[in-house]
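Student: Hey, I've got a new structure to look at and no idea where to begin. Can you walk me through it?

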Amino acid sequence: MLARLILICFLATASLWAEVTYAREVSRILESRCASCHRPGDIGPMSLLTYDDAVAYSPDIERVVKDGIMPPWKPSDSHGVFKGAFALKPEEKADLLSWVAAGTPFGNEADLPEKREQPSGWLLGEPDLVVRMPQPYTPARGKDIYRCFVLPTGLDADQFVSAVDIDPGNRRIVHHVIVYLDSSGEAEKLDARDEEPGYDCYGGPGFDIGGSNIQSLLLNGYTLGGWAPGARADRLPQGIGMKLGKAARIVLQVHYYTGGRTGEDQTAVGLYFNQERVEKQLYYIPVVNTRLNIPAGNANYTVSAEFPVFPGLEMRVINAFPHMHMIGKRIELERQASGVRTRMMLIDQWDFNWQGAYTYVEPIRMPAFSQVNLRCTYDNSANNPRNPNNPLKNVRWGEGTEDEMCLAFLGVVFERF
Ligand code: HEC
């Protein structure tokens with residue numbers, strides 16, 4: 001009798017101990033992994049700050065967490081370690097799922113974390129230069145819109161930029177931003193042809209970013225990186241800067257996700273200049289295959305590209321910025337040195353609407369005779385709901401919605417210059 005009682009007590013305590021509650025685990029996971037977007041006035045379609053929110057959306061939370069859709073951190077854990085990663089840890093994922101399975105128990109009030117303010121504003125302090133869209137823009141309701149805005153910097157001398165941050169004018173609709181540079185004057189021409197502020201742009205900024213004129217791109221610079229909600233601005237390692245020529249225009253490519261709502265936006269970019277002497281310039285080099293031709297109907301077609309490192313061009317890879325369009329499904333970067341292949345990055349559920357630049361915690365050394373391999377896999381079948389081509393067609397390189405790219409920009413510094 002006593003033995004049985006002890007056993008029952010033991011089982012009861014064990015299950016109490018094992019039960020995941022909102023107050024103890026779930027509130028903390030939602031706050032650290034979800035609330036940066038799922039809070040009032042931000043890009044997530046609903047807020048997930050309270051117990052009632054979490055219960056109301058628990059079936060959706062279960063689905064998106066199980067499928068790995070949320071949080072939208074794309075690179076796979078098994079390939080490369082990146083700064084600011086906001087993926088769920090395996091135990092956090094397990095906790096969320098068992099909490100929903102157990103019927104969303106609240107637990108003990110006393111276990112709730114202290115309320116923390118979600119960070120906002122310029123996280124690195126006041127920028128050295130803030131450049132804002134010249135006029136507000138109101139995107140049409142109900143669809144994904146990619147729009148480019150040309151912003152003169154007003155600089156009278158070349159500068160080196162150590163960090164870039166974005167202040168979205170309207171957090172509810174600004175989904176992500178890529179900061180391009182244009183020294184050719186092309187962007188202004190495109191802008192002039194369109195009466196509204198900015199001009200429509202989709203797979204790129206509408207002027208050459210990866211194709212023909214690599215030398216000029218390298219010399220003048222053509223991007224300062226990207227921003228998506230949840231990502232934190234970070235300075236480049238000491239002594240490294242991105243060149244911003246005084247004549248360059250900043251071209252913000254803004255992806256608006258309006259999903260039924262809209263409003264005015266006037267996004268600003270904050271630039272942090274290097275205060276220390278710049279010893280190394282960060283160059284963005286494209287690893288790219290522009291000769292792709294993806295057969296209509298093929299659900300699993302892979303294209304590859306290599307970037308060989310010649311003697312004298314030994315380099316370190318600081319960050320990587322992969323890019324495909326709608327029918328891309330998998331993109332992978334690999335380092336190959338002395339016959340050994342190592343994983344650099346893998347996104348195996350490519351989503352055009354969640355793009356970003358990812359910075360390595362430890363820069364990757366590329367010695368002479370090594371190379372970077374890029375592989376892009378596409379689903380050009382009718383079964384792919386994202387396929388924009390109906391009827392199906394062979395898909396080639398281009399900037400349009402119906403075209404494709406297989407491209408990764410690597411932010412690198414060269415050891416010798
Ligand atoms: C970086 C911003 C961001 C973070 C972080 C984020 N979300 Fe989302 N979430 C979004 C956006 C934006 C959408 C709207 C759909 C889309 O763009 O994919 C969304 C949609 C959703 C949906 C509805 C999806 C559907 O298919 O109906 C759920 C549920 C959700 N998020 C849960 C979560 C949970 C749980 C977390 C944390 C574990 C999280 N999200 C983290 C931005 C974010």
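Tutor: Here is a short chat about the metal site, a few single residues and some salt bridges. Keep in mind that this is a predicted model.

Student: Okay, metal first. Which residues coordinate the iron atom of the ligand?

Tutor: His-38 does so through NE2 and Met-70 through SD, at 2.0 to 2.3 Å.

Student: And where do those two sit in the chain?

Tutor: They link distant parts of the chain, 32 residues apart. His-38 is in the loop between α2 (22-33) and α3 (51-56), while Met-70 is in the loop between α4 (58-66) and α5 (90-101).

Student: Why is the arrangement around the iron octahedral?

Tutor: Because the six donor atoms around the iron subtend angles of 85 to 178°.

Student: Is His-38 buried or exposed?

Tutor: His-38 has 9% relative accessibility, so it counts as buried. Met-70 comes out at 27%, so that residue counts as partly exposed.

Student: Switching topic. What's up with Met-133, and where is it?

Tutor: Met-133 lies in the loop between β1 (129-132) and β2 (144-152). With a relative accessible area of 1%, Met-133 is buried.

Student: What does Met-133 touch?

Tutor: Leaving out residues up to four places away in sequence, Met-133 touches Phe-149, Leu-151, Tyr-256, Asp-265, Gln-266 and Thr-267. Take Asp-265: it is 132 residues from Met-133 along the chain, yet their C-alpha atoms are separated by 8.7 Å.

Student: Okay, and Ala-268? Which strand is that in?

Tutor: Ala-268 is in strand β9, which covers residues 268-273. Its relative accessible area is 0%, so Ala-268 is buried. Setting aside neighbours within four places in sequence, its contacts include Trp-122, Val-130, Val-131 and Asp-165.

Student: How far is Ala-268 from Asn-373, C-alpha to C-alpha?

Tutor: Those C-alpha atoms are separated by 35 Å, and the two residues are 105 places apart along the chain.

Student: Let's do the surface. Which residues form a nonpolar patch there?

Tutor: Phe-310, Leu-313 and Phe-417 do, with about 300 Å² of accessible area together. Phe-417 is in the segment after β20 (407-414), and it is partly exposed, with a relative accessible area of 47%.

Student: Now charges. How many salt bridges are there in the whole structure?

Tutor: A search finds 18. One of them pairs the side chains of Arg-39 and Asp-42, 3.1 Å from N to O. Both Arg-39 and Asp-42 are buried.

Student: Got one between distant parts of the chain?Tutor: Asp-234 and Lys-83 meet in a salt bridge at 3.6 Å, N to O. The pair is 151 residues apart: Asp-234 is in the loop between β6 (223-227) and β7 (240-244), and Lys-83 is in the loop between α4 and α5. Asp-234 is partly exposed at 42% relative accessibility, and Lys-83 is partly exposed at 33%.

Student: What about Glu-332 and Arg-375?

Tutor: Their side chains also meet in a salt bridge, 3.5 Å from N to O. Glu-332 is in strand β15 (residues 328-337) and Arg-375 in strand β18 (residues 371-378), 43 residues apart. Glu-332 counts as buried at 12% relative accessibility, whereas Arg-375 is partly exposed at 26%.

Student: Which residues are joined into one network by salt bridges that share partners?

Tutor: Arg-330, Glu-332, Glu-334, Arg-341 and Arg-375 are.

Definitions and conventions:
Residues numbered from 1 in each chain as written. Predicted model: local features only at pLDDT ≥ 70, side-chain atom pairs only at ≥ 80, totals over all residues. Heavy atoms only, no water. Donors = N, O, S within 2.8 Å, 3.2 Å for Na, K, Ca; no water. Tetrahedral: all angles 85-135°; square planar, octahedral: opposite > 155°, others 65-115°. Helix = DSSP H or I, 4+ residues; strand = E, 2+ residues; numbered from the N terminus. Buried < 20%, exposed > 50% of the residue type's maximum accessible area, 1.4 Å probe, protein only. Patch = residues over 30% accessible without salt bridge, like charges linked within 9 Å, V, L, I, M, F, W, Y side chains within 5 Å. Areas by Shrake-Rupley, 256 points an atom, 1.4 Å probe, with all protein chains shown as cover. Salt bridge = Lys/Arg side-chain N within 4 Å of Asp/Glu carboxyl O. Contact = heavy atoms within 4.5 Å.
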